[in-house]
Each structure stands twice: as C-alpha cells, then as structure tokens.
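Dear colleague,

I am passing on the structure we spoke about, with the sequence alongside it. Please open both before reading on, as my notes refer to residues by number.

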Amino acid sequence: MAAFDRYSKFKLDGAFKKVPFIPIEEKNTDVYTYYERGKTRLDLLSYQYYNDANYDWLIMQANPQYGSLEFMIPDGARLRIPYPLNITLNQYNASIEKYFELNGE
C-alpha cells in the first residue's frame, strides 16, 4: 500500500497552499498510551499500531494540546492513538473536503 500523502490536496500548480490544522475526531476505538521521554518515539508508536512508521504526524495531529513538535510532549503525557488507521484517514479526508467547502478552496 502506498503511503498516504497528507499534502496532496494542498498542491496547486506545483506549489503548496497553506495546510490548515485538521482536527482528528475522537472515536471509541482509539487507543491510549503514555509518553516516556527518552523511550517513546511517535514513529515507533505509528509502526506499532499501524505497521507503518510514517503516521507519526497523525498521532501528533490527534494530540494538539502538546503543540506540533514531538520534543514538546511532556514526560508522562497521555497520548491518543487514532485507531484504526483506515477509518481515521477516511475521516481526515472528509474533514479536508469540509474545510474546502466552508472556505471555498
């Protein structure tokens, strides 16, 4: 399976448009874990839950309270892992379409 390109809908004539923050809706199937500074890495969590290390951004997107950079996550923080991946990506795409509807882009 090809990696999901989260920027593809924001390319216009070879240039990138502003990529807005798209919230990841919470689901009752989501998984929770605790961040251990020096041990936990989002790419490894991505691989553990999705069998693909390229979805660390999705985990970060699901936890906006910790900012946008992994090093800003405090030790012991509870992280939400949006799960399962296919449903989460479908929701993300639907949210992008809704964003374009509302903003005329």
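What follows is an account of what was found, taken part by part.

Please keep in mind throughout that this is a predicted model, and that every value below was computed from it.

I begin with helix 3, which takes in residues 85-103. With 19 residues at 1.5 Å a residue, helix 3 should span 27 Å, and the C-alpha atoms at its two ends are indeed 27 Å apart, so the expected and the modelled lengths agree. Which residues of helix 3 are buried? They are L85, T88, L89, Y92, I96 and F100, and because they cover an arc of only 120 degrees around the axis, they sit on the same side of helix 3. As background, an α-helix has 3.6 residues a turn, so residues three or four places apart point the same way. The other side of helix 3 carries N86, N90, E101 and L102, which are exposed. As for what lies over the buried residues of helix 3, the cover includes helix 1 (42-50) and helix 2 (56-61). Just after helix 3 comes G104, with a positive phi of about 65 degrees.

One residue of helix 2 deserves a separate word, namely Q61. Is Q61 buried or exposed? Its relative accessible area is 13%, and because buried means under 20%, Q61 counts as buried. Leaving aside residues up to four places away in sequence, Q61 touches F21, I22, I24 and Y92; of these, Y92 is also among the buried residues of helix 3.

Turning to charged side chains, those of opposite charge can pair when their charged atoms come close. The structure holds six salt bridges. In one of them, the side chains of E97 and K9 meet at 3.0 Å, N to O. E97 lies in helix 3 whereas K9 lies in the segment before strand 1 (11-12), so this pair ties together parts that are 88 residues apart in sequence. Both partners are partly exposed, E97 at 39% relative accessibility and K9 with a relative accessible area of 30%.

A further salt bridge joins D5 to K11, where the closest N and O atoms are 3.5 Å apart; D5 is partly exposed at 34%, and K11 likewise counts as partly exposed, at 41%. The side chains of K39 and E36 also form a salt bridge, at 3.8 Å from N to O. In that pair K39 counts as exposed, with 64% relative accessibility, while E36 is partly exposed at 40%. Finally, K27, D30 and R80 are linked to one another in a network of salt bridges.

The surface also has a nonpolar patch, formed by Y7, F16 and V19, which together have about 270 Å² of accessible area. Of these residues, V19 is placed in the loop between strand 2 (15-16) and strand 3 (31-34), and at 33% relative accessibility V19 counts as partly exposed.

The last group concerns the backbone. Most residues other than glycine have a negative phi, and most peptide bonds are trans. Where is the cis peptide bond? The bond from Y83 to P84 is cis, with omega near 0 degrees, and P84 is located in the loop between strand 4 (78-81) and helix 3. A positive phi in a residue other than glycine is found at D13, where the value is near 55 degrees. D13 belongs to the loop between strand 1 and strand 2, and with 79% relative accessibility it counts as exposed. N51, which is not a glycine either, has a positive phi near 60 degrees. The place of N51 is the loop between helix 1 and helix 2, and N51 is exposed, with a relative accessible area of 62%.

If you look at one region beforehand, I would suggest helix 3, with its buried side and the salt bridge that E97 makes with K9.

With best wishes

Key: Residues are numbered from 1 along each chain as its sequence is written. This is a predicted model: local features need pLDDT of at least 70, side-chain atom pairs count only at pLDDT 80 or more; totals for chains, interfaces and linings use all residues. Side-chain values use heavy atoms; hydrogens and water are left out. Helices (H or I, at least four residues) and strands (E, at least two) are DSSP runs, numbered from the N terminus. The expected span of a helix is 1.5 Å times one less than its number of residues. Buried means under 20% relative accessible area, exposed over 50%, partly exposed in between (1.4 Å probe, protein chains only). The arc is that of the directions from the helix axis to the C-beta atoms. Contact means heavy atoms within 4.5 Å. A salt bridge is a side-chain nitrogen of Lys or Arg within 4 Å of a carboxyl oxygen of Asp or Glu. Patches are made of residues with over 30% relative accessible area and no salt bridge: like charges are joined within 9 Å, nonpolar side chains (Val, Leu, Ile, Met, Phe, Trp, Tyr) within 5 Å. Accessible areas come from the Shrake-Rupley method with a 1.4 Å probe; for residues, only the protein chains shown count as cover.
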